[in-house]
Amino acid sequence: MKCLILAPFHFDALARLRQLGEVVYESWLDTGQLTDPEELGARLAAEAFDVLITEADFIFEETLAAAPGLQFIGVCRGDVGQHVDMDAAAERGVIVVNTPGRNAVAVAELAIGLMLSLARKIPAAHTQIRAGQWQSAVDNLTKWQGIELYGRTVGLIGYGAIGRAVAKRLLAFEMNVLVYDPYIQPEALNLPPEIHLVALDDLLHQSDFVSLHCPLNEETSGLIGARELALMKPTAYLINTARAALVDEAALLAALREKHLAGAGLDVHLIEPLPPNSPWLQLDSVVLTPHIGGATGDVIRHHSEMIVAEIERWANAVNVT
Ligand code: NAD
């Protein structure tokens, strides 16, 4: 086996791969760039790679056509279809494996971090204390008065890998968990009795925190608009660690400015990086992070272990035939 790795990869997994053959490791984290799909095909052929591991590179028909020796592609992400031409891979008998759920815990923990940050005003309190403005005990219970997650209701829109990881953790906070996901079958998922499947409007109406965990597509683009925001309690918070375009940005800005909503925690943004004049930077009721939902070293370890396990299975199968 000769393997080219363009994704960040854990050193334990690298060592396991090196037991199977030659490994060339050029993570985009080190090179700072993605490959050109055509150049990649030519290189795979010229250097006789039969295994490719990527994260964000695009593998088009032409890439595969240029690399007839390629047999196996490991993609360190869940949504493979946008990056790899799956039909072309199937036609050429190239095995493609992905790593669904690799970042579920990381994103879930960030979503809960944003909830706690909003509930207890942690970022603003931190900034103030760093500025040397420690306030009196009276101020602590007025300006910094927060709320507990305990006993409150969270509404999760989307109950896939991330939604489920959030639900599991928030049950330990003793929250009431509502879920809207039109595509799940509760029986198949063995839905715990504490989790209630509801209609979207009911979820918006009843929740103290609404957290988005569904994919962005034609159906979900603008899912949360002015009408949906108006259904939410004025004391409620919206958390978005999924995709910015799920929410009508102008409607959310208006709802926050007019205090129809208590606040928002946003990891994803329509324009990334946020421009210096972005209105989001002016709102005290918003906690922002720079699209770091999946940015943990553990995610790299998870996807590395998942891909290596698949390659070991494949290599063993190849050896016995
Ligand atoms: P997943 O595919 O496991 O789950 C998505 C769930 O959404 C599925 O259960 C599906 O049935 C549900 N869904 C589909 N259409 C829906 C709709 N109209 N209304 C409600 N639910 C709907 O995906 P996941 O791994 O849980 O990821 C969820 C999203 O999180 C991804 O699509 C991605 O956009 C985002 N994400 C963000 C980061 C980050 O860095 N912030 C990292 C990873 C994923």
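# Questions on a predicted model

User: Is E55 buried or exposed?
Analyst: In this predicted model, E55 has a relative accessible area of 11%. The cut-off for a buried residue is under 20%. E55 therefore counts as buried.

User: Which residue has a side chain that makes a polar contact of 3.2 Å with the side chain of E55?
Analyst: E55 sits in the loop between strand 3 and helix 4. Leaving aside neighbours within four places in sequence, the residues in contact with E55 include A7, P8, W28, H83 and H303. R102 is also in contact with E55. The side-chain polar contact of 3.2 Å joins E55 to R102.

User: How many Å apart are E55 and D248 in space, C-alpha to C-alpha?
Analyst: In sequence, E55 and D248 are separated by 193 residues. Their C-alpha separation in space is 29 Å.
For orientation, E55 belongs to the loop between strand 3 and helix 4. The value asked for, C-alpha to C-alpha, is 29 Å.

User: What is the strand order of the open sheet of 5 strands?
Analyst: The pairing in this open sheet is parallel. Its edge strands, each pairing on one side only, are strand 2 (22–25) and strand 5 (95–97). Neighbouring strands are turned by 15 degrees against each other on average, direction ignored. The order of the strands is 2-1-3-4-5.

User: Which residue in strand 3 does I5 stand opposite?
Analyst: Strand 1 covers residues 2–5 and strand 3 covers residues 51–54. The two strands pair in the parallel sense over 3 bridges. Opposite I5, in strand 3, stands I53.

User: At about how many degrees to strand 1 does helix 3 run?
Analyst: Helix 1 (residues 11–18) lies across strand 1, strand 2 and strand 3, and runs at about 145 degrees to strand 2. Helix 3 (residues 37–46) also lies across strand 1, strand 2 and strand 3. For helix 3, the angle to strand 1 is about 155 degrees.

User: Which residue has a side-chain N or O atom 2.9 Å from a nitrogen atom of the ligand?
Analyst: The ligand is surrounded by 25 residues, and the closest are A161, I162, D181, T241 and D267. Backbone N or O atoms of G160 and G294 lie 3.3 Å and 3.4 Å, respectively, from an oxygen atom of the ligand. The 2.9 Å pair with a ligand nitrogen atom involves the side chain of D267.

User: What percentage of the ligand's accessible area does the protein cover?
Analyst: On its own, the ligand has 870 Å² of accessible area. The surroundings consist of 25 residues, among them A161 and T241. The share of that area covered by the protein is 80%.

User: Which residue does a cis peptide bond join to E272?
Analyst: Most peptide bonds are trans. The bond in question has an omega of about 0 degrees. The partner of E272 lies in the loop between strand 11 (263–266) and strand 12 (286–288). That partner is P273.

User: What is the phi of A48, and is A48 buried or exposed?
Analyst: A48 is in the loop between helix 3 and strand 3. Most residues other than glycine have a negative phi. The phi of A48 is positive, near 55 degrees. With a relative accessibility of 52%, against a cut-off of over 50%, A48 counts as exposed.

User: What is the relative accessible area of K121?
Analyst: K121 is in the loop between helix 6 (104–120) and helix 7 (122–130). Its phi is near 55 degrees, a positive value in a residue other than glycine. K121 is partly exposed, and its relative accessible area is 30%.

User: Which residue has a side chain in polar contact with the side chain of S211 at 2.7 Å?
Analyst: S211 belongs to strand 9 (residues 209–212), and it is buried at 0% relative accessible area. Leaving aside neighbours within four places in sequence, S211 is in contact with A111, M115, G155, L156, I157 and I239. The polar contact of 2.7 Å links the side chain of S211 to that of H213.

Conventions. Residues numbered from 1 in each chain as written. Predicted model: local features only at pLDDT ≥ 70, side-chain atom pairs only at ≥ 80, totals over all residues. Heavy atoms only, no water. Pairing = 2+ DSSP bridges. Helix = DSSP H or I, 4+ residues; strand = E, 2+ residues; numbered from the N terminus. Axes fitted to C-alpha atoms, helices over the stretch in contact; angles between N-to-C directions. Contact = heavy atoms within 4.5 Å. Near = heavy atom within 4 Å. Polar contact = N/O pair within 3.5 Å; in protein donor to acceptor, adjacent residues only side chain to side chain. Areas by Shrake-Rupley, 256 points an atom, 1.4 Å probe, with all protein chains shown as cover. Buried < 20%, exposed > 50% of the residue type's maximum accessible area, 1.4 Å probe, protein only.
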